[in-house]
Amino acid sequence: MKSISLFKHVNSSLNPYRWAISLIAAILISGLFAALSLESKLETDKKMAEALSPYLATLVESSDRPEMLRVLHSVAETAHSEVVLVQEGSVLASSRSLEELDRPFLKPKTKFRLFDMDFGKNEIVTTSEVRKSGHQSLDTSIYIISPLLPSLMSTIGIFFGVFAVSFFISLFSARQMRKAIKKALRPMDQLHAEIKGMVDENDIESDPIQIRELEEIRSTVRSTKISLENAKDRLAESKAKKLSAESYKRLIHDLHNPVAALRQMAKVSNDESMDTETRQEASVSIPRIADQILSQVTAAKKNLEEEPMALRELNIIECVQDGVHQVQSLGTKKSILMNFDSESLHVPHDPALLRRAIVNLLENGIEAAKGQVRVSISKIDSNAIIRVCDDGDGMDENKVPLYLQGRGQSGKANRQAFGLSSTNHIVRSHGGKLIYKRSDLGGSCFEIRLGVV
Amino acid sequence: MIFGGRLLSIIVSIGFLIQLPSYAQNGSPTYVKAIYSLPISFDPIKMNDTASLVVGNLIYDGLLKFSPSLKIEGALAKSWSTSKDGKVLTFKLKPNIFFHSGESITAADVEASLKRALSNKSTVRKFYDSIKKIRALDDKTIEIELNYPFPPFLSVLAGATAKVLPKSKLTDPKFFVNPIGSGPFRFSSLDKNKKEIFLEAFPKYYSGKPKIDRMILKETTEGEALRLARIGEINDLANWPLTEEDSIFKIGQKISSPVASTWIIGLNTLQTPFNNLQVRQLFKSNIPVDEFRMRFYPDSIKANGYVPNGLPGSQVKADLEVTNVRPPKSKVTIVIPSELARAEEMKKMIEKAMTDKGWNIEVNLMAWNQLMDGYAKKSHQAFLVAMNMDYPDADFLLKNFESDNSDNFSGLKSKELDNLLKKSRATQDRKLREEYYKSALKLTEESAVTVNLFHPRANYWVSKCVQNFRPNILSDVYIDYAKVSLSFNCPSKKVVQR
């Protein structure tokens with residue numbers, strides 16, 4: 001699954017609600033405004049009718065139809081409606097037409113009632129009884145008949161106007177909220193950057209994070225990292241001590257035979273019972289064996305003087321590739337084939353030391369090869385296997401342990417004790433094994449086996 | 001104002017049909033309006049009848065006018081104001097207003113016209129007697145000072161007699177032969193023989209040229225008018241308030257409206273036996289009012305009193321208890337306009353009903369002009385007329401009974417009534433004025449000088465090609481013909497093509 005940033009996650013999680021809330025809020029607000037507008041308009045008609053009631057009552061009482069007509073016309077013009085005054089079911093005055101005067105009033109059919117008003121097919125009828133100031137009934141009513149469509153048009157206009165404004169305000173608020181969320185998540189970004197920096201070794205001390213919990217996490221991660229590094233150092237130190245002890249033990253073990261041989265040669269050389277040739281041969285061997293012992297001791301000393309290993313879980317393929325490139329840069333007519341099962345294989349190792357071991361094996365391979373050296377990396381169970389094989393004549397398998405112990409005669413010049421024994425030492429110092437096999441190419445094949453976990 | 005009803009004459013004016021082509025030969029349809037009578041006068045201050053007022057309102061304009069719903073609007077006046085005490089009214093005239101002659105209308109013309117209305121030769125002086133002084137402040141400003149704050153005065157100025165005439169032409173004795181006004185139509189000609197008046201749209205009318213280019217006012221009887229309307233040669237029968245069920249409405253538009261009018265039988269107290277109050281009261285209570293209304297004008301409105309429905313005082317009625325009075329033996333004559341379509345029926349019905357109740361009664365059918373003549377001379381004992389209102393205030397009708405009013409058809413003299421009317425004019429308190437009106441009307445009803453028959457409901461007929469015809473609640477006099485138009489496929493083209 002593709003991972004996304006926390007902000008994107010929060011944003012995408014809130015996005016549907018952002019639209020839905022904006023839409024619902026806009027509909028509710030605009031609906032409220034539209035209803036208020038309609039109610040206000042119709043209420044205005046009713047209030048106007050009620051306000052006129054005492055005056056109309058006077059006019060009705062005095063039968064002053066001309067004045068009634070003037071008033072109704074004036075009201076009708078102001079309210080953009082038709083106004084009819086009805087007494088005992090008959091039209092007393094009307095702003096509509098003189099024809100209906102003194103005729104029975106035909107009230108428009110009511111479809112439904114709302115806000116105490118009658119809604120017809122094409123009109124809204126507001127009715128108010130005309131009463132004298134003492135609330136005495138005159139059996140007279142005033143009807144304000146407003147055209148439905150214009151009344152609703154203004155309401156619909158208000159609805160859409162308010163809807164558009166509130167919707168955009170809601171969206172704008174949501175946008176601002178998005179920015180606020182982004183800003184609020186900055187400490188998380190800071191924490192993320194810091195942790196990433198710790199992993200990438202770009203560990204730069206930054207300002208404290210303002211959010212207390214995040215700052216605690218940061219401190220915890222940082223202190224954990226430091227503790228881990230310390231532990232690693234201690235582990236390396238302890239391992240180095242152990243390796244040193246093992247090296248001494250191995251040196252002692254390795255020197256056991258040469259020293260025994262030296263002792264034997266010295267005894268043979270001084271043994272007068274031996275023939276001269278044998279004694280002479282033994283005498284000749286003594287300095288050679290002494291040199292070998294000295295060489296082994298020197299090599300062991302040099303290995304112990306190396307920097308303590310820094311094991312890091314890194315891509316071993318990169319290390320091998322670096323070694324190949326290093327050898328290729330020296331110029332060789334023989335081809336080096338690389339065959340890696342995957343692009344990355346993380347194994348705890350010291351890249352400088354391991355590269356040195358690889359380079360050593362490659363140089364040996366190139367020297368022995370007729371035309372081709374093959375480097376391959378694979379993972380078998382919990383081991384990383386690095387093989388350096390060549391198509392040369394191969395080695396005497398009986399002598400290989402001697403070479404690995406640094407006792408064999410290498411044909412290489414200027415090896416300075418960095419031959420197979422050195423390689424073997426590096427591999428062993430990584431807790432691994434160096435194994436010799438016959439190569440399927442016909443020559444030698446050295447296999448470095450390192451534990452992945 | 002007094003309205004006479006249907007005309008009986010069915011003489012077809014061939015001349016009318018011949019005249020039209022020469023008048024209307026240049027294209028657009030001519031609007032033909034039938035009228036029951038040619039105007040008795042073209043002089044606004046002598047217009048005391050509906051026939052004259054209908055024509056006057058087409059030719060002349062005043063400072064103010066009534067909207068169809070009786071709202072007072074500026075006509076020649078752009079604006080006006082009233083002083084705090086209600087006694088001084090100041091009017092500003094509109095710019096660019098002209099008489100038909102092309103002269104600009106000034107405040108001096110207004111001053112001269114209103115002063116004429118106040119003169120002794122004015123038969124409508126009674127409407128203007130609240131005026132104390134009139135003066136033109138400048139070319140466009142006129143100030144009218146009143147003797148008392150008379151709230152209905154703006155209605156008076158919006159009425160059909162408060163018209164503005166050109167001052168410079170008023171000295172011409174023949175001015176009213178070819179009258180000049182500023183109304184929507186200008187006078188073109190009058191054919192007295194053929195009883196037709198020809199009008200043309202006035203292009204410089206203050207609210208724009210009327211939509212009708214030409215109009216013919218054709219005097220005819222109701223029957224003939226209906227016949228011509230049926231064959232598409234008349235566009236407008238608004239001069240007759242037809243009954244709702246009339247078959248003519250099957251072929252035209254029916255525009256219905258109440259009108260501020262009361263049909264009455266007026267009783268003359270100057271003539272015996274109506275100089276006796278109890279006789280008048282008995283007569284009033286014996287006339288079969290409901291039967292008459294239901295038989296002849298079933299869609300009209302029952303009259304409670306003298307004042308039409310919907311006006312202050314309309315609910316005032318007399319509770320007459322006439323006991324121990326018998327009808328007089330002397331003959332009582334009621335005159336009714338012979339032009340009324342069912343005048344004979346009316347005569348028979350009234351005579352029978354009253355004879356049955358012991359009255360020696362005769363109903364005479366009389367031509368409208370004769371009836372009006374007797375009305376003016378107060379020679380009739382009783383007469384059937386319709387009282388139309390020039391302005392929507394009970395004061396208009398109550399004036400008819402003021403002692404010093406020369407137009408007091410009843411000859412009634414009541415100091416109490418006179419005082420009540422004076423008080424009503426002097427107050428700006430609407431409620432108080434209403435109370436005075438009620439008291440005055442109560443007095444009038446108890447004086448039994450009118451038998452209130454009904455308040456008509458006008459059912460105007462106009463042809464289907466007439467557009468924007470809007471009735472006026474006062475009467476057909478105030479219909480705004482400047483807005484009326486004809487559609488192009490108007491049947492009156494038949495008239496044009498003859």
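B:Asn468 has its place in the loop between strand 20 (466-467) and strand 21 (485-486) of chain B. Helices (H or I, at least four residues) and strands (E, at least two) are DSSP runs, numbered from the N terminus. Residues count from 1 along each chain as its sequence is written, while chains are lettered from A and ligands numbered from 1 in the order of writing. Keep in mind that this is a predicted model, in which local features need pLDDT of at least 70, side-chain atom pairs count only at pLDDT 80 or more, and totals for chains, interfaces and linings use all residues.

**Exercise 1: two unusual loop residues**

Is B:Asn468 buried or exposed?

*Solution.* Start with the backbone: the phi of B:Asn468 is positive, near 60 degrees, and this residue is not a glycine. Next, use the rule: buried means 20 or more other C-beta atoms within 10 Å of a residue's own, exposed means 12 or fewer, and partly exposed lies in between, with C-beta atoms placed from the backbone. B:Asn468 has 12 C-beta neighbours inside 10 Å, so it counts as exposed.

Now try B:Ala448, which sits in the loop between helix 13 (430-447) and strand 18 of chain B. Its phi is positive too, at about 50 degrees, although B:Ala448 is not a glycine. Here the count is 24 other C-beta atoms within 10 Å, so B:Ala448 is buried.

**Exercise 2: from a cis bond to a helix**

Which loop holds B:Pro273, and which residues of helix 7 of chain B are buried?

*Solution.* First, find the bond: from B:Thr272 to B:Pro273 the peptide is cis, with omega near 0 degrees. B:Pro273 belongs to the loop that links strand 13 and helix 7 of chain B. Then move on to helix 7 (residues 277-286), whose buried residues are B:Val279, B:Arg280, B:Gln281, B:Leu282, B:Phe283 and B:Lys284. Finally, look at the cover over these buried residues: it includes strand 13 (261-267) and strand 18 (450-455) of chain B.

**Exercise 3: a covered strand**

How many residues of strand 2 of chain B are buried?

*Solution.* Strand 2 (residues 30-35) of chain B is mostly covered, with six of its six residues buried. Sort them by direction: B:Thr30, B:Val32 and B:Ala34 point one way, and B:Tyr31, B:Lys33 and B:Ile35 the other way. For the neighbour, remember that two strands pair if DSSP finds at least two bridges between them. Strand 2 pairs with strand 11 (residues 214-219) of chain B in the parallel sense, over six bridges. In that strand 11, B:Leu217 is the bridge partner of B:Lys33.

**Exercise 4: a sheet in chain A**

What is the strand order of the open sheet of five strands in chain A?

*Solution.* The order is 8-10-11-13-12, and the pairing is mixed. At the edges are strand 8 (335-340) and strand 12 (433-438) of chain A, each paired on one side only. Strand 8 and strand 10 (residues 372-380) of chain A are parallel and share six bridges. One position to look up is A:Leu337, whose bridge partner in strand 10 is A:Arg374. Helix 8 (residues 351-368) of chain A packs on the sheet and touches strand 8, strand 10, strand 11 (383-390) and strand 13 (444-451) of chain A.

**Exercise 5: cores and the chain contact**

Which residues have the most contacts inside the largest nonpolar core?

*Solution.* A nonpolar core is a set of buried Ala, Val, Leu, Ile, Met, Phe, Trp, Tyr and Cys residues joined through C-beta atoms within 7 Å. The largest one has 183 residues, and A:Leu56, B:Ile265 and B:Ile334 have the most contacts inside it. Helix 1 (residues 6-61) of chain A gives the largest share of this core, nine residues. Apart from this core lies another, of 34 residues, including A:Val327 and A:Leu420.

How many residues of chain A are in contact with chain B? Contact means that C-beta atoms, placed from the backbone, lie within 7 Å. By that rule, 12 residues of chain A are in contact with 20 residues of chain B.

**Exercise 6: how far to trust chain A**

Where in chain A is the pLDDT below 50?

*Solution.* pLDDT is the predictor's confidence in each residue, from 0 to 100. Chain A has a mean pLDDT of 82, and 92% of its residues reach 70 or more. The pLDDT is below 50 over residues 413-418 of chain A. Where pLDDT is low, the predicted coordinates should not be read in detail.

Notes:
Two residues are in contact if their C-beta atoms, placed from the backbone, lie within 7 Å. Axes are lines fitted to C-alpha atoms, for helices over the stretch in contact, and angles run from 0 to 180 degrees between N-to-C directions.
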